[in-house]
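Colleague: I should like to learn how to read the features of a protein model. Could you guide me through one, step by step?

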Amino acid sequence: MQNLVILVGALFVLVAIVLVHRIFVLVGVVKGTDKKRITPANKWNAALMVVFLLVTLSISGYYSYVHFDEYTIPIASEHGALTDNLFWITMGVTGVVFIITQVLLFGFSFKYQHNEKKPAFYYPDNGKLEALWTIVPAIVLAALIISGLSTWHKVTGPAPENAEVIEILGYQFAWKVRYPGADGQLGKHDYRLIDADNMFGMDFSDKTAFDDFIPRELHIPVNRPVEFKIRARDVIHSVFIPQFRLKMDAVPGMPTRFHFTATKTTEEMRRELNDPKFNYELACNQICGRGHFAMKMNVVVDSEEDYEKWKAEQKSWLSKNPEYLSRIPEELKELALVKTGMDTEAEANENSL
Amino acid sequence: MSTLDTQTAAHVEDHAHDDHHEHHDNFWTKYIFSTDHKMIGKQFLVTGIFWAIIGGALSMIFRLQLGFPDMDLEWIRPILGNWITPQGKLDPEFYLALVTMHGTIMVFFVLTAGLSGTFSNYLIPLQIGARDMASGFMNMLSYWFFFLSGVVMLVSLFIETGPASAGWWNYPPLSALPQAVSGSGAGMTMWLVAMALFIVSSLLGSINYITTVINLRTAGMTLARLPLTIWSFFLTAIIGVLSFPVLLAAALLLIFDRGFGTAFYLSEIYIGGEALPQVGGSPILYQHLFWFLGHPEVYIVLLPALGITSEVISTNSRKPIFGYRAMIGSMLGITILSFVVWAHHMFVSGMNPFLGTIFTLLTLIIAVPSAVKVFNYLATLWRGNIVFTPATLFSIGLVSLFISGGLTGIFLGNSAIDIQLHDTYFVVAHFHLVMGSASFFGLMAGVYHWFPKMFGRMMDSRLGYVHFWLTFIGVYMVFFPMHYIGIAGFPRHYYSFTNFQAFSGFSDLNAFVSAAAIFTFVAQLIFLFNFFYSMYKGRRAPQNPWNSNTLEWTTPIEPGHGNWPGAIPAVYRWPYDYSKPNADKDGFEDFIPQTVPLSETPNSNLPFEKEQMEEVKQK
């Protein structure tokens with residue numbers, strides 16, 4: 001309906017324009033101005049240049065100021081503060097250049113509109129000016145490059161030794177996360193072992209896989225380095241958590257990684273935003289098919305104690321899917337039962353029986 | 001002088017020869033299988049306009065979805081059929097097909113073929129003083145390969161599984177596996193075939209442009225006297241020749257992966273309940289190959305627009321272009337650098353971060369020549385005597401859009417900032433301003449400026465003004481708000497934003513953008529009317545409507561095959577002698593065409609020109 005109104009409105013405007021135009025043409029023919037090179041329209045166009053400049057600058061300035069809190073999102077990671085800082089420095093520099101050049105462009109267009117009495121100034125060249133406006137942008141850009149690259153280096157450098165390693169798997173159209181369990185090591189995987197239950201293709205001939213657990217939500221500790229090991233199973237996806245300023249493609253056949261330190265727990269963020277329903281979300285940022293826009297996983301940033309507590313509560317994937325015990329080589333079965341805690345469970349069951 | 005004499009004689013002979021042919025022109029050889037560069041240029045233009053309407057219309061449909069997600073789209077069912085779900089909504093997969101085809105069509109068919117194809121063909125022989133392209137037959141083939149490519153692409157829009165829908169870059173594995181998205185079935189095959197044909201067309205055209213510019217310049221037309229339009233077409237053609245074959249390679253390997261079980265791009269994939277046998281391939285390889293064309297492609301669409309703007313701004317501010325040599329230098333710089341910045345599209349693709357370092361450095365360097373160009377435009381306008389023709393307006397608009405979109409490139413080229421902005425609406429805003437809109441404005445400037453030469457009639461300038469202002473306001477209303485949406489983190493290619501808290505805002509701004517897009521699209525009807533109406537009913541064009549210096553305005557108002565009825569004029573000066581001091585004493589107004597010898601302008605000659613004359617006399 002809204003759309004229909006717009007269309008009808010546009011049509012009316014068009015009809016009006018055509019009519020007005022026709023009248024102008026006829027008037028022009030009568031007055032003999034239709035063959036002149038400089039018509040009164042020259043002044044109108046020159047004036048509109050300035051009007052356009054002023055109106056657009058004020059509207060965009062107003063919107064940028066008033067809606068600042070809506071289009072800027074809070075930062076919740078250590079490196080996010082760095083990249084955002086860089087963003088705003090660049091905004092400052094380019095903002096100044098933007099305003100100066102646009103003002104000159106529209107200002108000159110207005111000021112030097114055609115005037116019979118003032119011929120144009122024949123001024124083909126000036127080596128010094130060219131050098132000036134080559135060197136100055138080069139210096140400014142060099143400064144931006146240097147600060148940018150030092151930040152990039154920090155963000156993409158190797159993860160700290162003590163980083164909490166979590167594996168993220170993207171597939172059409174959802175995410176799965178896997179934690180290394182008590183032994184702190186993610187078990188091996190092979191894509192040929194993937195099936196409807198074993199979505200990571202965990203290889204149970206590797207004993208470090210026994211205690212890996214796969215929760216429904218992504219939990220991470222606050223103020224502690226976390227390293228995401230990122231994989232994709234079918235097509236390219238991309239891990240994106242806006243508040244962390246975190247983005248990395250998930251590529252089939254080529255594991256990628258991203259490390260960061262979250263600085264605000266979910267609770268803290270809820271208080272800061274005064275929004276009790278706030279949740280961090282993991283989104284897909286690389287076109288991946290029909291459900292691309294719905295690939296979401298909740299992310300919970302816990303305090304250190306909450307995180308450890310939550311982790312302790314998690315049961316290994318193997319213990320939840322005991323039928324996969326049969327895939328374990330005979331000599332490792334005992335170990336698997338111990339590592340997954342299934343031995344005590346089994347005993348408890350026996351006792352209760 | 002002797003070389004000049006023989007050349008002229010040869011040309012005269014040529015001409016007699018051409019004249020002989022002209023009498024035998026029938027409908028088919030004149031309008032369809034023409035080998036005349038002017039007709040081929042017009043064919044590219046009209047085909048480009050057709051594709052612009054299709055590409056624009058596709059964007060209208062997905063903007064409805066994005067701006068008014070609750071709208072009942074039942075009324076488009078007659079066109080889209082089952083791509084409208086029983087609930088009256090757009091099918092999410094067809095949404096992806098729409099954005100994919102919008103991108104492909106606009107980038108390749110409109111802004112490459114429609115812009116470069118039109119004006120390189122039309123202007124190169126006319127502005128360098130040649131009878132036609134080096135090979136008229138190859139030129140004709142170039143158009144017909146493009147036409148064929150278009151037919152295949154158009155048909156792919158109507159097949160049951162839908163056209164390609166993995167984004168205009170069509171990254172594998174998504175584009176390689178029909179299980180992943182239905183558009184990767186027959187639609188993708190047709191996309192690849194169409195692109196292969198398009199590449200053939202582009203190469204045939206580019207080789208011709210390069211050869212023509214190098215070999216067929218008229219007497220006196222040294223490289224330093226070429227209009228900047230020709231320089232831009234020449235460099236564009238060089239970029240095309242060097243980069244398009246790489247896309248062909250990428251497409252070929254993808255064809256193998258899709259049909260012949262190879263694993264160039266595929267590795268360790270589990271999809272649709274089965275593990276595929278391919279291992280060892282790398283999807284990143286495709287990205288490198290694609291962007292090795294994909295980035296230079298940006299300059300393939302932009303450079304001709306900048307060349308046209310240089311010419312139009314200089315002519316209509318009645319001033320020489322400021323820093324002619326710096327303009328050529330910066331275009332050369334852009335040409336070379338355009339080949340070494342491609343991986344800035346891949347900062348978060350998982351490639352080695354060290355590559356990110358290198359490509360940040362190289363990418364931001366390319367901002368320097370771009371900045372030089374902007375400053376030179378501003379200096380050209382400074383103390384000019386500006387005549388606002390519709391072409392002037394579109395050129396000034398181009399500079400404004402080029403600044404706005406160029407500056408946001410400095411954010412995106414910096415890898416650390418790109419982490420957050422990558423593939424968000426900030427990127428959409430950036431490239432639609434700097435590449436899409438700026439090039440489109442260049443195309444429009446060119447059409448308004450050379451329409452009188454093309455069709456012997458004037459376009460209505462008042463309608464041109466209205467068209468410009470509505471379009472200019474329109475594109476800023478469409479693309480400026482996208483920056484905010486992008487800073488807020490909204491990702492591209494999302495069918496709807498309702499699933500995420502983080503992306504739940506800005507429905508008002510999205511609706512505004514969609515309304516503005518419809519507004520801008522409808523405003524193009526003014527142009528369409530003006531274009532086709534003026535072709536038949538416009539006021540008859542004078543010989544040189546814009547008082548311009550370049551050679552094309554010395555041809556008859558409607559030049560025949562061969563361009564000049566007599567000898568090809570020789571050239572004695574650069575094309576930017578506007579408002580030269582003392583020109584009035586030599587009997588000239590505020591312009592001295594390239595064909596006027598220095599000996600006829602003793603009062604206005606500059607010291608270096610006097611020296612040149614002395615040298616000629618001594619010889």
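The dialogue below takes up the interface of two chains, two annotated spans and one residue.

Modeller: This is a predicted model, in which local features need pLDDT of at least 70 and side-chain atom pairs count only at pLDDT 80 or more, while totals for chains, interfaces and linings use all residues. Residues are numbered from 1 along each chain as its sequence is written, chains are lettered from A and ligands numbered from 1 in the order in which they are written, and side-chain values use heavy atoms, with hydrogens and water left out.

Colleague: How many residues of chain A are in contact with chain B?

Modeller: Contact means heavy atoms within 4.5 Å. Here 112 residues of chain A touch 134 residues of chain B in this sense.

Colleague: What area do chain A and chain B bury between them?

Modeller: Buried area is the accessible area (1.4 Å probe) that two parts lose on being put together, summed over both. For chain A and chain B the value is about 10800 Å², with 69% of it on carbon and sulfur atoms. A:Tyr122, A:Trp152 and A:Phe293 supply 8% of the area that chain A buries against chain B, more than any other three residues.

Colleague: How many salt bridges does the rule find across this interface?

Modeller: A salt bridge is a side-chain nitrogen of Lys or Arg within 4 Å of a carboxyl oxygen of Asp or Glu. The rule finds 2 across the interface of chain A and chain B. A:Arg290 forms a salt bridge with B:Glu93, and their closest N and O atoms are 3.5 Å apart.

Colleague: Which spans of chain A carry a UniProt domain annotation?

Modeller: UniProt positions are given in the numbering used here, feature names are shortened, and annotations may be inferred rather than shown by experiment. According to the unreviewed entry, "Cytochrome oxidase subunit II transmembrane region profile" covers residues 59-159 of chain A, and "Cytochrome oxidase subunit II copper A binding" covers residues 161-313 of chain A. Helices (H or I, at least four residues) and strands (E, at least two) are DSSP runs, numbered from the N terminus. Residues 59-159 of chain A are 75% helix and 0% strand, with end C-alpha atoms 44 Å apart. Residues 161-313 of chain A are 12% helix and 34% strand, with end C-alpha atoms 25 Å apart.

Colleague: Is B:Ala523 buried or exposed?

Modeller: Buried means under 20% relative accessible area, exposed over 50%, and partly exposed in between (1.4 Å probe, protein chains only). B:Ala523 counts as buried because its relative accessibility is 3%. B:Ala523 lies in helix 17 (residues 507-537) of chain B. Leaving aside neighbours within four places in sequence, B:Ala523 is in contact with B:His467 and B:Leu470.
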